Structures are given as C-alpha cells and as structure tokens.
Amino acid sequence: MKTIKSAILLQQLMESSISLLEDISRLEEYTGTGQLEMNDGEGRWNILQVLEHLNSYYAYYLPIIEKKSASANATPRIDFTPGWLGTYFTNMMQPKDGTIKNKMKAFSNHIPPPRLEAGKVIEEFLQHQRKLIYLLELAKNLDINSIRIPISLTPYIKLKLGDTFNFIIAHNNRHRLQIENILDFNKMVLRHEAMQAM
C-alpha cells in the first residue's frame, strides 16, 4: 500500500471535517425545518435522517477512538501505511467525480427513524463533528498505524486508526454529497411551486 505522511493525512482529514462542520452550521442557521424534512424521492431519506445516520456512526466510533487514543503510548510515526481492508472500505464509501457510484443499504442499527427533532439532531451532529476534529488533532501525537479500532459490524475486525479516520471522512463525504443533492432537489421543487402559485 502507498504510504503518506501522517501529518499530511491528518491535516487533510481535519480540513474536510472543519468544512463539513461549517456547512452544517450554516444549514442549521439558514435552512427551515420544512426543507430539512423534505426528501428527494419516495422512500428516500431527508437531511435530518442523513445527519442522524451519521450520528449513529459517531456514537459508535468516537468513544472507542477517544478511549484507545488516551491509552496509547506508541511514538508517532512519520509515515502512515493504509491497510488493504481499510483502503477497500474507504474506496467503497468515497464519492467519485462528484457522484455516489455504488449504492448501499444501511445496516439496521444505522437506519434513522422517519420523525426527528431538527434542533436535537443537528446539535448532536455538530457536537460529534467537533469531537472528531479534536480527535484528529490529538492523533498528531499518536501512532495511527499501531492503534486498532474494531469496526461497527463486528469487534473481530479491526482497522488501523488512520484507516478508521479515512473511512469516517469518506462516509461523511458520501452523505455530504447526498445532502447537497437533496437541497438542490428541494430548491427545484420550491421554485416550481412558487411558479405554479403565480
């Protein structure tokens, strides 16, 4: 697997995470509940459901990463070498050329309920996102090759901490694009309704 400087990887992931934090903060400030609850097709998730789905992953991964990071004592390594499984999971999640190539069904424990409280969901997401950024900063002083994190599907499969961060951000990127697509669809619908009302 191709190596990358650990500091460069963590900085890239942090920049992506800060950008998402800012985007969702703006979404909370400028988007009405009606748009947050609109979806872009029958049976598809709305924005709140997408964020709640991300919350469910954060609720699993962030406490484990924090605990493992606190107990780690290995000296940081300059280079990070992704594992083959971590690379596979990341590539499976990461959007390609601005599109989501491979559609996937969410696992049952990560499927959000249909009715959600907007303020609660968004605030929980923003708290998780800040914690992720904090953990990425903390990881600069850790060996992200040696710390292992069990995946949410089974505790018997563990990824390197660097691969876990890569996967989480790729998963975020996937659903960030989904949110953008929902917003674009909603704006089109609202424009159409406004024209019909004229």
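**Briefing: fold, surface and helix H4**

The protein chain contains six helices and four strands. The model is a predicted one. Read from the N terminus, the elements follow the order β-α-α-α-β-α-α-β-β-α.

**Overall dimensions**
- The radius of gyration of the protein chain is 18 Å, which agrees with the value near 16 Å for a compact globule, because the chain has 198 residues.
- Along the principal axes, the C-alpha atoms of the protein chain fill a box of roughly 65 × 30 × 30 Å.

**Burial and contacts**
- Of the 198 residues in the protein chain, 45% are buried, where buried means under 20% relative accessible area.
- Of the contacts in the protein chain between residues at least 6 apart in sequence, 86% link residues at least 24 apart.

**Surface and charge**
- The protein chain has an accessible surface of about 11,100 Å², and carbon and sulfur atoms account for 55% of this surface.
- The protein chain carries 23 positive and 21 negative charges, and the mean positions of these two sets lie 8 Å apart.

**Helix H4**
- Helix H4 spans residues 84–93, and its buried residues are Gly-86, Phe-89, Thr-90 and Met-93.
- These residues are on the same side of H4, because they cover an arc of only 95° around the axis.
- The general background is that an α-helix has 3.6 residues a turn, so residues three or four places apart point the same way.

Technical notes. Residues numbered from 1 in each chain as written. Predicted model: local features only at pLDDT ≥ 70, side-chain atom pairs only at ≥ 80, totals over all residues. Heavy atoms only, no water. Helix = DSSP H or I, 4+ residues; strand = E, 2+ residues; numbered from the N terminus. Rg over C-alpha atoms; globule rule 2.2 N^0.38 Å. Buried < 20%, exposed > 50% of the residue type's maximum accessible area, 1.4 Å probe, protein only. Contact = heavy atoms within 4.5 Å. Areas by Shrake-Rupley, 256 points an atom, 1.4 Å probe, with all protein chains shown as cover. Lys, Arg positive; Asp, Glu negative; His and termini not counted. Charge placed at Lys NZ, Arg CZ, Asp CG, Glu CD. Arc of directions from axis to C-beta.
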